[in-house]
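Dear colleague,

I am passing on the structure below, followed by notes on what was found in it. Please read the notes with the structure open beside you.

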Amino acid sequence: MDQLIVEFDKALRTIFAPARSVRPVPGGDLPDAPLSDTEREHVAGLMRVNHCGEICAQALYQGQAILSQDASVRRELARASNEETEHLAWTEQRIAELGGRKSLLNPLWYGGSLALGLLAGKLGDRWNLGFLAETERQVEAHLSGHLERLPAEDQKSREIIEQMKTDEARHADTAIGLGARELPAPVKVAMKFMSRVMTTTAYRV
């Protein structure tokens, strides 16, 4: 029962409480670029998608850690989760600076991602790590796409996404180093499809 309360508290904090960052916000000392209203709305949408992705990451890691049998895997999941919390804080702050809002469907994204994390954890730690590595690879590719879509003058948003991309790549490398199994191609395709649904929806809602 105590563990259930702890996990439920994590979920509430992730979805509703303001996230905190230990590290300074990347690009925090840079001036705001003179963006048009359309550009600001576009960048806020991209940051909303990134924030939503971090909500999903928190839920995934939580589900995976609950069922992991390996202490080293749980430690890595906890470390990655802490950095994802910082990403939450960075994207949340940038959304506010741009006059945007977070996704209204964050509780739905969290619940679905938690279920996927529990499923991955139940398959065993090597598959668990494989799921972590593939998730981070896909997020890294997704962030690269966002860098291409940002207005060239918006260096504040660019700095945030660049640091997030670096962190995600390191998480994937660590999972591989711990013995992650390569996921079957159909699973990777399904993950990409689900990601596309989430990102397309979160950009607007």
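What covers the buried residues of H6? The cover includes H2, H3 and helix H5 (125-149), where helices are DSSP runs of H or I with at least four residues, numbered from the N terminus.

This is a predicted model, in which local features need pLDDT of at least 70 and side-chain atom pairs count only at pLDDT 80 or more, while totals for chains, interfaces and linings use all residues. Residues are numbered from 1 along each chain as its sequence is written, and side-chain values use heavy atoms, with hydrogens and water left out.

Among the buried residues of H6 (buried meaning under 20% relative accessible area, with a 1.4 Å probe and protein chains only) are Lys156, Ser157 and Ile160. These three are also touched by Arg94, a residue of helix H3 (residues 71-97), and contact here means heavy atoms within 4.5 Å. Arg94 itself counts as buried because its relative accessibility is 1%.

Just after H6, Gly179 takes a positive phi of about 105°.

Elsewhere, the axes of helix H2 (residues 37-67) and helix H7 (residues 185-202) come within 8 Å and cross at roughly 135°, the axes being lines fitted to C-alpha atoms over the stretch in contact, with angles from 0 to 180 degrees between N-to-C directions. H2 is therefore oblique to H7, a term for angles that are not under 35 degrees, over 145 or 65 to 115. At this contact, Arg48, Val49, Cys52, Gly53 and Cys56 in H2 meet Met198, Thr199 and Ala202 in H7.

Best regards

Methods: Helices (H or I, at least four residues) and strands (E, at least two) are DSSP runs, numbered from the N terminus. Buried means under 20% relative accessible area, exposed over 50%, partly exposed in between (1.4 Å probe, protein chains only). Lists of a residue's contacts leave out its neighbours within four places in sequence.
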